[in-house]
Amino acid sequence: MHPDFGAPADPFGDPADPGNRPARLAVGVVGTGRVGPALGAALQLAGHRVVAASGVSSASRRRAEALLPGVRLVTPPQVLAAADLVLLTVPDDVLAELVAGLASTGAIRPGQIVVHTSGAHGVAVLEPAARAGALPLALHPAMTFTGTSVDVARLAGCPFGVTAPEELRPVAEALVVEMGGEPAWVPEQVRAMYHTALAHGANHLVTLVAQAMELLRAAGVAEPGQMLGPLLGAALDNALRSGDLALTGPVARGDGGTVRRHLEQLATVAPDIGQAYRAMARATAQRAVRSGTLKPEPAAALLDVLNEENH
């Protein structure tokens with residue numbers, strides 16, 4: 001363990017400077033789902049050494065064997081006993097119980113770096129570890145993981161939501177850079193909002209795209225992905241560049257007749273998608289009005305169509 005690791009008087013400085021990067025560490029991974037093995041593999045590429053991991057299901061053990069070959073699979077307390085840097089890559093809802101349990105049994109050592117990768121939590125959830133003398137860091141990769149070696153390459157340039165005590169901020173950012181990521185500071189008090197934004201965008205996007213593909217198949221399109229790819233790629237790029245000003249289509253134009261025909265089709269073919277369409281069209285209309293893309297009068301007529309109950 002580097003004797004000055006995390007000491008307020010010895011900050012690492014610019015994490016992009018190789019001279020400011022952390023000393024080589026023995027790394028342990030608790031939870032070998034899709035995220036943990038990929039981050040462990042990235043840290044090994046940076047020169048650290050994964051010494052132990054824990055996983056329960058057969059799938060998690062296979063992932064560990066594929067991405068961390070030769071690494072011992074042991075219990076969580078045994079992982080902590082062997083590691084200077086511990087990655088807690090477990091589901092959000094079990095993190096607090098895991099940390100409290102490890103701290104209560106004395107598994108956490110003073111000076112040990114304890115990192116969790118939950119987007120929903122900051123460092124408050126690691127308070128039991130901090131009381132035991134650990135250095136708590138929250139490093140959340142803003143990326144979806146497949147559980148394969150592809151994830152390690154995708155970490156290049158991946159944004160990480162970083163939350164840590166101020167004196168440990170350089171340490172946290174340096175570790176992210178070593179994994180190939182780009183650190184983005186997220187204060188503790190807005191961590192839940194940060195995660196809400198990512199989940200709303202990424203998870204609901206998948207549902208939206210899957211629904212559009214389902215409708216195209218119903219319309220006889222053999223390869224809906226090929227048809228949607230260019231359109232959705234351009235829409236995403238425009239939205240990231242211009243926000244609400246990128247809105248196009250019948251809702252943004254206030255074309256209530258077209259929207260009514262859409263709802264009639266959906267009522268027959270896919271009522272569940274019709275409910276989602278109606279909700280998204282309302283939200284789109286409201287944002288279009290606020291941005292000035294849609295005038296209030298056609299917006300009111302459009303909302304009347306969306307509020308009709310016979311579709």
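Which way, left-handed or right-handed, does H11 cross H13? I wrote this question at the top of the page, and I looked up the pair in what is a predicted model. I found that H11 passes H13 in a right-handed crossing. The two helices, H11 and H13, pack at an angle of about 15°, and their axes lie 9 Å apart. Because angles under 35 degrees count as roughly parallel, I noted H11 as roughly parallel to H13.

**Entry: the chain as a whole**

I then stepped back to the overall picture, and I noted that the secondary structure of the chain comes to 13 helices and 8 strands. The C-alpha trace spans about 70 × 40 × 35 Å along its principal axes. The chain has 311 residues, and 41% of them count as buried.

**Entry: helix H1**

Next I looked up helix H1, which covers residues 36-45. I found that 8 of its 10 residues are buried, so I describe H1 as largely enclosed by the rest of the structure. The buried residues in H1 are Gly 36, Pro 37, Ala 38, Leu 39, Gly 40, Ala 41, Ala 42 and Leu 43. Just after H1 I came to Gly 47, which takes a positive phi of about 110°.

**Entry: salt bridges**

How many salt bridges does the structure hold? I noted 7 salt bridges, and I went through three of them with some care, beginning with a pair inside one helix.

Glu 173 forms a salt bridge with Arg 169, and the closest N and O atoms of this pair are 3.0 Å apart. Both residues lie in helix H7 (residues 169-178), where they are 4 residues apart, about one turn of the helix. I checked how far each is covered: Glu 173 has a relative accessible area of 15% and is therefore buried, since buried means under 20%. Arg 169, with a relative accessible area of 26%, is partly exposed.

I next turned to helix H9 (residues 224-242), where Arg 241 and Asp 237 are also placed 4 residues apart, about one turn of the helix. Arg 241 forms a salt bridge with Asp 237, and here the closest N and O atoms are 2.9 Å apart. Arg 241 has a relative accessible area of 66%, so I put it down as exposed, while Asp 237, at 34% relative accessibility, counts as partly exposed.

The third pair brought me back to H11, for the side chains of Arg 260 and Glu 308 meet in a salt bridge, at 2.7 Å from N to O. Arg 260 lies in helix H11 (residues 256-269), whereas Glu 308 lies in the segment after helix H13 (296-307), so the pair ties together parts that are 48 residues apart in sequence. Both partners are partly exposed, with a relative accessible area of 28% for Arg 260 and of 23% for Glu 308.

**Entry: a nonpolar patch**

Which residues make the nonpolar surface patch of about 270 Å²? I found that Leu 205, Leu 208 and Met 280 make this patch. I followed Met 280 a little further and saw that its place is in helix H12 (residues 271-291). Met 280 has a relative accessibility of 45%, so I entered it as partly exposed.

How values were computed
Residues are numbered from 1 along each chain as its sequence is written. This is a predicted model: local features need pLDDT of at least 70, side-chain atom pairs count only at pLDDT 80 or more; totals for chains, interfaces and linings use all residues. Side-chain values use heavy atoms; hydrogens and water are left out. Buried means under 20% relative accessible area, exposed over 50%, partly exposed in between (1.4 Å probe, protein chains only). A salt bridge is a side-chain nitrogen of Lys or Arg within 4 Å of a carboxyl oxygen of Asp or Glu. Patches are made of residues with over 30% relative accessible area and no salt bridge: like charges are joined within 9 Å, nonpolar side chains (Val, Leu, Ile, Met, Phe, Trp, Tyr) within 5 Å. Accessible areas come from the Shrake-Rupley method with a 1.4 Å probe; for residues, only the protein chains shown count as cover. Axes are lines fitted to C-alpha atoms, for helices over the stretch in contact, and angles run from 0 to 180 degrees between N-to-C directions. Angles under 35 degrees count as roughly parallel, over 145 as roughly antiparallel, 65 to 115 as roughly perpendicular and the rest as oblique. A crossing is left-handed if the near helix is turned anticlockwise from the far one by less than a right angle, and right-handed if clockwise.
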